[in-house]
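Thanks for making the time this morning. I would like to take you through one model, and I will try to keep to what can be read from its coordinates.

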Amino acid sequence: MYERERGDCGLRRRSTSRRVSVASCGARVRSPLPSERLGIMASFLRSTKLVSKLTQGPTKCFSRNYADQMNFTFAAANQIFYANKNIKQVDVPSFSGSFGILPNHVPTLAVLRPGVVTVYEDEGTSKKIFVSSGTITVNEDSSVQVLAEEAHPIEDIDGSAARQVLQEAQSQLSTASGDVAKAEAAIAVEVAEALVLAAGN
Amino acid sequence: MMMISKPTTMAVCLKSAATGQQQNRNMATLKQISMRLKSVTNIQKITQSMKMVSAAKYARAERELRQARPYGEGVKAFFEKSGATEAADTDDNNKLIVAITSDRGLCGAVHTNVAKTIRNELSAESVESPQSKVFCVGDKSRALLQRLYSQNIAVVANEVGRKPPTFLDASKVANELIQLDFNSGKIVFNRFKTVVSYQTEEVPLLSAKTMLAAPKLQLYDSIDQGVMESYQEFTVAALLYYTMKESACSEQSSRMTAMDNASKNAAEMIGKLTLTFNRTRQAVITRELIEIISGAAALE
C-alpha cells in the first residue's frame, strides 16, 4: 500500500505530518522541501557533472532516510505486540484523526480512539490490531510508543459476539440515567461500534 | 519469622528446667516438649504450604510482569525524552506520594521498605504544614504510616494483593488519584530484580500542568489541553498498572523466600526439640531405673 520509493518518501512524510496538524507542519518537517528536490532534478536533466556535485546533499539525506530506524513499541495491558522493533509504518486512529507514522515523524502526543491499528512490518507484511483506548507517543529520537488499554488482533474478534456487545451497549445507553452513566454507556457504544467495524474487515 | 523465633527461647528454658528438676516435673516437661514439637511441626506444614502457594503465584506474577515491563518502559520513555521529570523536580509544594503495597503480610520487608522510603521523605518536611499527600494502595502501607503521618494520608485503597492486579484496579486507583489536586508526585514501589532481590524505587507522577511545562514540549506537535489531559490520565493508569505488577511480583517472590526461611527454621527447631525430647525421656527412664535399683538394694 505504502510502497516507499526514493523519490516520494519526503513527500509522503510531509503529507502524513500535515494530516496531524495543518497549522504547524512547515517548520518542523526535517526532510528536504520538494522545491529543493525539484531543483536537483532539473539540474540532473541539464548536466550530469553538476549532479555529481549536487547529489551529495540529497544522497546523504536519502541514506539517512533509508537507515532510519523506528523504535516501535506497541503494548497493551493484556499482550505485547512489539517491543523496540523496527517497522516501516504504523497507522493509528486518534481523537485528532487517523494518521500514519513513518520513521522520523514529527514528535507528537495523541490519544487513541477505539479502532484498528495497522502495522506495516519490515518484511512487507501488515498486521491489523484492534485497540480500545490508549495513547500514542512519538518522540524526537524517532521512537514510537503505542500503549493500549486492551488490544487484540482482528482475526481474533468474533463478529456475532461483537454485534451482541453493540446491542447490549445500545440498550444500556437508552436506559442510562445520570450524566456519568450516560457518558459511560456512550463510550461503550463507541467501542462496540468500532469492534463491529473491525470484525467486519 | 518472629513468630517462630520466640519458641526457640522457650525450648532453651524448658531444657534447663528439665535437667535439674524433680521427677513429677520431668513428666510434665516431657509432655510440654511433645506439645511444642507438635505445634512447631504444624507451623512448618503451614509455612511449607504457604511457600508452595506463593511459588505458584510468583510464577504467574513473573509471567505477567514480563508482559507489563515494555508497557511501563513505554510510559517512562516520554517522561525522560521530553525532560518533564526535571521540570517536576523543581516544583516542590503540593506533592503526592503513592505507596504501592498490599493487604497481605508475611512477605519479608517488602512493605516496610516502601513505608520507610516515604517516612524519610515526609520527615524532611516541616511538621506544621503537611504539604505532601500520601495515597496508600494496600492496607499495609497505611498501618505502617498511620502512627506518625496520619494527617498526610489522603486515600487508602484496600483489597489489594488477594488477586493479581488488573488494569481495572489500576484505573480505579488512577480515577481517585486524578481527583486529588497535585502538582507533582511519585509512585514508590518495589521493582522486581530476581527471585531473591528487589529494589525500592520511585517513578515520577506528573500532572497535566507539569507535562505542559516540560522543556522539550515545544518539539511536540498538535498538543492542546484536552489531548494532554486525556494523555496524562491514561499515563497515570498505565504507570500504576506497571508499578502494581512489579510490586505484586516482588511481594510474591519475597514471600516465597520468607516462607522458605521459616520452613528451614522450623525444621531446625524440630530437630533440636526432638533431641531434647529424647534426652529428657532417657533421663526419666534412667532416673526411674536408679530409683528401682537403689530401692531394691536398700531392701537387701
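I will speak about salt bridges, then strand pairing, and then cysteines.

Please keep in mind throughout that this is a predicted model. Over all chains, the structure holds 16 salt bridges, and I have picked out a few of them in chain B.

Let me begin with B:Asp260 and B:Lys51, which form a salt bridge whose closest N and O atoms are 3.5 Å apart. This pair links distant parts of the chain, since B:Asp260 sits in helix α8, residues 225–299 of chain B, while B:Lys51 sits in helix α2, residues 23–82 of chain B, with 209 residues separating the two. As for the surroundings of the pair, B:Asp260 counts as partly exposed at 25% relative accessibility, and B:Lys51 is likewise partly exposed, with a relative accessible area of 26%.

Those two helices are also joined at another place. The side chains of B:Glu246 and B:Arg69 meet in a salt bridge with an N to O distance of 2.7 Å, and here again distant parts of the chain are linked, B:Glu246 belonging to helix α8 and B:Arg69 to helix α2, 177 residues apart. Is each partner buried or partly exposed? B:Glu246 is buried, because its relative accessible area is 0%, under the 20% cut-off, whereas B:Arg69 is partly exposed at 25%.

Within helix α2 itself, B:Arg60 and B:Glu64 lie four residues apart, about one turn of the helix, and their side chains meet in a salt bridge of 3.3 Å, N to O. B:Arg60 is partly exposed, with a relative accessibility of 41%. To close this part, there is a network of salt bridges in chain B that links B:Lys95, B:Glu121, B:Lys186 and B:Glu202.

Let me turn to chain A and its strands, with β2 as our guide.

Strand β1, residues 71–76 of chain A, is joined to strand β2, residues 80–92 of chain A, by four bridges, and the two strands run antiparallel. A:Asn71 has A:Asn86 in β2(A) as its bridge partner, and β1(A) and β2(A) form a hairpin with three residues between them.

Which other strands does β2(A) pair with? One is β5, residues 115–121 of chain A, paired in the antiparallel sense over four bridges, where A:Val90 stands opposite A:Val119 in β5(A). Another is β3, residues 99–101 of chain A, also antiparallel, over three bridges, with A:Gly100 in β3(A) as the bridge partner of A:Asp91. β2(A) and β3(A) form a hairpin with six residues between them, and A:Gly97 in the turn has a positive phi of about 105°.

Finally, the cysteines. A search of the whole structure finds zero disulfides over all chains. Why is B:Cys107 in no such bond? The closest cysteine sulfur, in B:Cys249, is 13 Å from the sulfur of B:Cys107, and that is too far for a bond, given that a disulfide needs the sulfur atoms within 2.5 Å. B:Cys136 is in no disulfide either, as the nearest cysteine sulfur, that of B:Cys107, is 15 Å away. Both side chains can be placed by accessibility as well: B:Cys107 is buried, with a relative accessible area of 2%, and B:Cys136 is buried, at 0%.

That is where I will stop, and I am glad to take questions.

Methods. Residues are numbered from 1 along each chain as its sequence is written. Chains are lettered from A and ligands numbered from 1 in the order in which they are written. This is a predicted model: local features need pLDDT of at least 70, side-chain atom pairs count only at pLDDT 80 or more; totals for chains, interfaces and linings use all residues. Side-chain values use heavy atoms; hydrogens and water are left out. A salt bridge is a side-chain nitrogen of Lys or Arg within 4 Å of a carboxyl oxygen of Asp or Glu. Buried means under 20% relative accessible area, exposed over 50%, partly exposed in between (1.4 Å probe, protein chains only). Two strands pair if DSSP finds at least two bridges between them.
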